[in-house]
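Colleague: I'm new to this one, and I'd like to know how the labels people put on residues are justified. Could you walk me through a few?

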Amino acid sequence: MSLNPLANPKGVKLLCELCQKPAYLQCTSCRVTYYCSEEHQKVDYVGIHEKICSLLVPLRTPLPLVSSEEERKHRQEQLLQRQKQMIDMTRTEGSKLLFEGAHEAAVPAALQALRFSIAVYGLSSVELVPAYLVLGEASIGLGRLSQAEEYLSQARWTVLKTPGCDASIKSKMYRICGLLQAAKGNFGEALKNYANDIYHAALVSGPRHVKTSGGYFHMANVFFRKGQTDAAHNIYSEVVDIWNRMLQNVVKMEEPVTETSLTSFVDKPKDGGEILDEAQEAEAIQMLHAIYDLQQNNNNYGPENMLKLLHTLALLHTHLMGYVKAQEFAQDALTCAREADLELDLSDLQNLKTFIDTKAF
């Protein structure tokens, strides 16, 4: 991506995409985005701009004059729809980057989500809260706890003054508040927040859903840090069980079809199930691999627990079409069952391994 140096005419105020200071550089691709420095341009490009560069043009180009009220209304509706799509895209990308540990890169995506949310819903809407929470979590990851507290204070205030605020938003808010308290070493307060996270997530999706599993995972992390390892391992096993059931429902063993997307052989599960979005996939990778790294040398974890964890990782990487990695985990799961002489029905795991073997070459 190249940049145009700018000399701003008197009275023209061009602001940096990241810091809102005077800008002197322009993106040469979209020509509607500006920066104060090459450093901020690089951060924005890695975080979100690469994905939305061309999409910004119609959103930041003034609407042409039209001859009829009907046409004007139609163009306004188109603009609103594009802005809402941009909110969804940038929110998801910001969350995905957080799960991948890319805290600095998540900031530009969250800032875009916040700007478009303000443009669509106004300054006091609860629709701004998800962007505040991504910014808060990114700040925690970067060690900027005071800044995180500011974002979370804004989120809490908005939630408090919004009657009937959606429980899923409250769940996410409590989770990030828990992360902040854990980062400060206030483990008791962290556990209270995670309990509230789980409660509100369960109101929406049930207590054993992947949207609830994040609260369990972070609660287990706190117990582990406190030295209460038995409680931590029990909760980690619950997280694995939740994801195992979800992924078995998502991954379908059937004749391969033409592979045109990430989910070419992953169809919608039966009974009105869900398809994982990119942020949920990244969350699954983060949580399940963290548990695996923690438990692979833990003799007290138990072979049945390890078998389920390895099976779940094999399912996850099959869903992501990482067949070589999936093959390794499936084989390790079968080896675990054989060495521990487990008398379990392994037909689902063996069918999965057979399917993976046809794809990993």
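Modeller: Happy to. Let's begin with S117, which is buried, its relative accessible area being 0%. Keep in mind that this is a predicted model.

Colleague: What makes S117 count as buried?

Modeller: Buried means under 20% relative accessible area. S117 has 0%, so it meets that cut-off. The residue sits in helix α3, which covers residues 103-121.

Colleague: Which residues does S117 touch, leaving aside its neighbours within four places in sequence?

Modeller: Those contacts are I87, R91, G122, E127 and L128. Each has heavy atoms within 4.5 Å of S117, the cut-off for a contact.

Colleague: On to helix α6. How do you know that its length agrees with what a helix should span?

Modeller: Helix α6 runs over residues 167-184, which makes 18 residues. At 1.5 Å a residue the expected span is 26 Å, and the end C-alpha atoms are 26 Å apart, so the two agree.

Colleague: Which residues of α6 are buried?

Modeller: Among them are A167, I169, M173, R175 and C177. C177 has 5% relative accessibility, under the 20% cut-off, so it is called buried. The buried residues of α6 pack against α4 (129-141), α5 (145-160), α7, α8 (210-225) and α10 (278-295).

Colleague: And what follows α6?

Modeller: G185 does, and its phi is positive, near 85°.

Colleague: You listed R175 as buried. Why is R175 said to form a salt bridge with D197?

Modeller: The rule asks for a side-chain nitrogen of Lys or Arg within 4 Å of a carboxyl oxygen of Asp or Glu. In R175 and D197 the closest N and O atoms are 2.7 Å apart, so the pair qualifies. This pair links distant parts of the chain, with R175 in helix α6 and D197 in helix α7, 22 residues apart.

Colleague: Are R175 and D197 buried or exposed?

Modeller: R175 has 8% relative accessibility, so it counts as buried. D197 is buried too, at 0%.

Colleague: How many salt bridges are there by this rule?

Modeller: The count comes to 19. Another one joins R208 and E238, whose closest N and O atoms are 2.9 Å apart. R208 lies in the loop between α7 and α8, and E238 in helix α9 (residues 229-250), so the pair ties together parts that are 30 residues apart in sequence.

Colleague: What makes R208 and E238 partly exposed?

Modeller: That label covers values between the 20% and 50% cut-offs. R208 has 41%, so it fits, and E238 has 23%, so it fits as well.

Colleague: Why do D241 and R245 count as a salt bridge?

Modeller: Their N to O distance is 3.6 Å, within the 4 Å limit, so they pass. D241 and R245 are four residues apart in helix α9, which means about one helical turn separates them. D241 is buried at 14%, while R245 is partly exposed at 37%. R208, E238, D241, R245 and K308 are linked in a network of salt bridges.

Colleague: Now the cysteines. Why is there no bond between C30 and C27?

Modeller: A disulfide needs the sulfur atoms within 2.5 Å. The sulfur of C30 is 3.7 Å from the closest cysteine sulfur, the one in C27, so it is too far for a bond. By this rule the count of disulfides is zero. C30 itself is buried, at 7% relative accessibility.

Colleague: What makes the phi of R31 worth a remark?

Modeller: Most residues other than glycine have a negative phi. R31 is not a glycine, yet its phi is positive, near 60°. R31 is found in the loop between β2 (25-27) and β3 (34-35), and at 46% it counts as partly exposed.

Colleague: Where is D341, and what is its phi?

Modeller: D341 is in the loop between α12 (323-339) and α13 (347-359). Its phi is positive, about 55°, although it is not a glycine. With 61% relative accessibility, over the 50% cut-off, D341 is called exposed.

Colleague: Last one: which residues form a nonpolar patch on the surface?

Modeller: Y199, L203 and V204 do, with about 320 Å² of accessible area together. V204 is in helix α7 (residues 187-205). Its relative accessible area is 48%, so V204 is partly exposed.

Definitions and conventions: Residues are numbered from 1 along each chain as its sequence is written. This is a predicted model: local features need pLDDT of at least 70, side-chain atom pairs count only at pLDDT 80 or more; totals for chains, interfaces and linings use all residues. Side-chain values use heavy atoms; hydrogens and water are left out. Patches are made of residues with over 30% relative accessible area and no salt bridge: like charges are joined within 9 Å, nonpolar side chains (Val, Leu, Ile, Met, Phe, Trp, Tyr) within 5 Å. Accessible areas come from the Shrake-Rupley method with a 1.4 Å probe; for residues, only the protein chains shown count as cover. Helices (H or I, at least four residues) and strands (E, at least two) are DSSP runs, numbered from the N terminus. Buried means under 20% relative accessible area, exposed over 50%, partly exposed in between (1.4 Å probe, protein chains only). The expected span of a helix is 1.5 Å times one less than its number of residues.
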